[in-house]
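Here's a walk through a two-chain model, starting from one side chain and zooming out. Have a look at the structure first, then read on.

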Amino acid sequence: MSKGDLREGRVARLLVGGPPFIFLLIFFVGPSLIMILTSFRFPGEFGGLAPIAAPAASAESEHGFTPEAYQFFFSDLLYGEIFFKSFAMAAATTFICLILAYPLAVLIARSEKRFRNLLVLLVVLPFASNFLIRIYAWMIILGPESALSQFINAILGVFGIGPVTLLFSPFAVLVGMVYVHLPFMVLPLYTNLEKHDPALLNAAQDLGANGWQRFWQITWPLSLPGVFSGSALVFIPVLGMFAVPDILGGTGDILIGNLIKDQFLGTRDWPFGSALSIMLTLAVLSVAALATWLARPATGQQG
Amino acid sequence: MLFMAGCTRSDERAAIPNKDRNVLHLFNWNNYISTETIRRFEKSCDCRLSQDYYSDNEEMLAKLAAGASGYDLIVPTSNAMDTLIRQGALKPLDKSLLPNLKNIDPSYLDTPFDPGNKYSVPYAYTISLLGFNQEKIKELGLPTDTWAIIFEPRYLEKIKGRVTVLDSQRELMAAALKYLGYSINDADEKHWKEAADLIVRAKPYWAAFSNTSYIKELATGNLWVAHGYSNDMFQAALDAKKTGRSFTIGYSTPNEGAVLALDSMVLHRSGKSPDLAHQFVNFMLEGKNSADLTNLLGSGNPNTEAMQYVQPEIAANKAIFPSRESLARLEMLRDLDRKQRRLLSRLWTEIKLR
């Protein structure tokens, strides 16, 4: 390879990689830095932020920088509790999505080639209608007058169990979360499973492995990268979701997403809202780090 | 196809000459002006009215704080207007352009939020009250003239899961504070705690916190009692009637008192057509136009000239037009300072989590 080729390669790489890099720099790193700065400011008397420099003669008595928002966060167990609750919700959603999506992904990956694209298209078809409309539809499906509610309550009535309300409950929130995020689990699993070499399974069968052994010792370990990326694609958005608990949740179903949204709208407390967002980002990053660390020895053995 | 689409568009533009430079930008509540009124105004001023919407004051303030601009007129509630005034975000009114200002009932003028009405002209008002399924409540023998029905377990156990309250820190706290005999603007932390305890005790009986969906749920019969705004209850009652339900939706203001939300028209500093804005304000102050707000949307009306156009059964509705003594028990929310906002937010988070 001549020197000219090398330079050309570098230029091409810059041209290809540059725009997305600059995009992320402007629209991810920039806002994150602004958020970090904001979290160390005082909230303005009427919302917004108090000035950094001392005001000449105005009502704003506090100015400059302060760790107050973080002190407030750690001054009460309450916020830790909400974090814990949201993580539990995200974990439950991820787990259920995985259980539901795995067989589906296997089925699609092992179906005839000409049907696969159609089946994948069907999985993403719900995206064709707006997310909020689909969530509002669940309000009708789970409502007390709906066929589903009446059917379930009729069955429960036979066993002498009082009527249950499905809507406005943690159950409804979980259903909504799973429903919205299921395709995000199916797709990475499918792309992974599709690449598996069927010869491996045949060989295992020849060597006397039963169905369970073939799954547990071959398919599952090979699909772990798909499981991890699918789980990340579900877990992280669920953590920040506020619309689903807002619409389907009852009186106790507040999650971090709702709390953060409240800080920017209802309470007009930008610094505390920013501090909450940063704590959430840190929490997510540490979970991701932990997951990578846990997954490492296993993948090391495979490779 | 493309060609034809382009063609119609230019035709439309040709049909409405001048109107593009003559646009009034209104930042208004959802569903707070009827299309008939808009059409009448557009005809009278030979201009176009363009609207953006918000569904609560905080949303409006947040959008403005984030840099939204170009609005000639906004219709905030008093406490949000107070914030806008103190931020210096508003233009003073030129009252010589507003001869119809005389139509406003003086008891709605010169409020502590804008002494002398330098910046604001009352538009309409709502009361935060109780809406209910009349037949169901009568059958269960529950009272409808007290907040007790949404706070006292002895009543709530009969309507468990059929009640919603507003998903608003200030509104719900105001109802609880009023029930306990305090002012809605009481900022004493001990009283807040008391109100929060009351709310936490009642919460297991409520179906949800709801700001808009209660309208539909009341009208379909899923809900029996809702804490909400008078104009929304008007809407729910109308919906139930129109769809021929076997029940009717009633609404009344609790005897302990409630929140009165007076919305006013104000001129934003970023507006580009102040003349048109004054023209609109004066237009909305005309009795006939103002009466639309009540007849079509169920808003309370501070305009004395409007009363002759208001349908008699609405004018007689005490939940929309409170009596003098009831009016004396209504209060307007004042804005909290930043420390109080943070504390209330924590209390609210606690309420939601328990």
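Let's start with A:Leu156: leaving aside neighbours within four places in sequence, A:Leu156 is in contact with A:Ile161, A:Pro163 and A:Val164. Contact here means that the C-beta atoms of two residues, placed from the backbone, lie within 7 Å. A:Leu156 sits in helix H6 (residues 147-158) of chain A; helices are DSSP runs of H or I with at least four residues, strands are E runs of at least two, and both are numbered from the N terminus. With 13 other C-beta atoms within 10 Å, A:Leu156 is partly exposed. The cut-offs are 20 or more other C-beta atoms within 10 Å of a residue's own for buried, 12 or fewer for exposed, and partly exposed in between, again with C-beta atoms placed from the backbone.

A word on bookkeeping: this is a predicted model, in which local features need pLDDT of at least 70 and side-chain atom pairs count only at pLDDT 80 or more, while totals for chains, interfaces and linings use all residues. Residues are numbered from 1 along each chain as its sequence is written, and chains are lettered from A and ligands numbered from 1 in the order in which they are written.

Now the two chains. Chain A has 12 helices and 0 strands, so to speak α-α-α-α-α-α-α-α-α-α-α-α when read along the sequence. Its radius of gyration, 25 Å, is well over the 19 Å that the globule rule gives for 303 residues, so chain A is more spread out than a compact globule. That rule is 2.2 Å times the number of residues to the power 0.38, and the radius is taken over C-alpha atoms. Chain B is built from 16 helices and 10 strands. For its 354 residues a compact globule would have a radius of gyration near 20 Å, and the 22 Å of chain B agrees with that.

The table sets out some overall values for each chain.

| Chain | C-alpha box along the principal axes | Buried residues | Contacts from residues 24 or more positions apart, out of those with a separation of 6 or more |
|---|---|---|---|
| Chain A | roughly 85 × 80 × 35 Å | 30% of 303 residues | 69% |
| Chain B | roughly 65 × 50 × 45 Å | 47% of 354 residues | 74% |

How many residues of each chain are in contact with the other? The count is 29 residues of chain A and 27 residues of chain B. On the chain A side, the elements that give two or more residues are helix H3 (77-110) and helix H11 (256-264). H11(A) supplies the largest share, 4 residues. By class, the chain A side divides into 12 nonpolar, 10 polar and 7 charged residues. Nonpolar covers Ala, Val, Leu, Ile, Met, Phe, Trp, Tyr, Cys and Pro, charged covers Asp, Glu, Lys and Arg, and the others, Gly among them, are polar.

Within chain B, the domain assignment gives domain 1 (21-123 + 262-320) and domain 2 (126-259 + 333-353); such bounds come from an automatic or database assignment. The centres of domain 1 and domain 2 of chain B, taken over C-alpha atoms, are 27 Å apart. Their contact takes 9 residues from domain 1 and 13 residues from domain 2. Helix H4 (residues 78-87) of chain B gives the largest share of the domain 1 side, 3 residues. That side divides into 3 nonpolar, 5 polar and 1 charged.

Next, a helix pair. The axes of helix H8 (residues 169-179) and helix H9 (residues 189-202) of chain B come within 9 Å and cross at roughly 100 degrees. The axes are lines fitted to C-alpha atoms, for helices over the stretch in contact, and angles run from 0 to 180 degrees between N-to-C directions. H8(B) and H9(B) are therefore roughly perpendicular to each other, a label for angles of 65 to 115 degrees (under 35 is roughly parallel, over 145 roughly antiparallel, the rest oblique). In H8(B), B:Leu172, B:Met173, B:Ala176, B:Leu177 and B:Tyr179 meet B:His191, B:Trp192, B:Ala195, B:Leu198 and B:Ile199 of H9(B). This contact of H8(B) with H9(B) has 9 nonpolar, 1 polar and no charged residues.

Finally, a couple of backbone oddities. Most residues other than glycine have a negative phi. B:Asp46 has a positive phi of about 50 degrees although it is not a glycine. B:Asp46 is placed in the loop between helix H2 (35-45) and strand E2 (48-54) of chain B, and is exposed, with 11 other C-beta atoms within 10 Å. B:Asp110 has a positive phi too, near 55 degrees. B:Asp110 lies in the loop between strand E4 (90-91) and strand E5 (120-133) of chain B, and is exposed with 11 other C-beta atoms within 10 Å.
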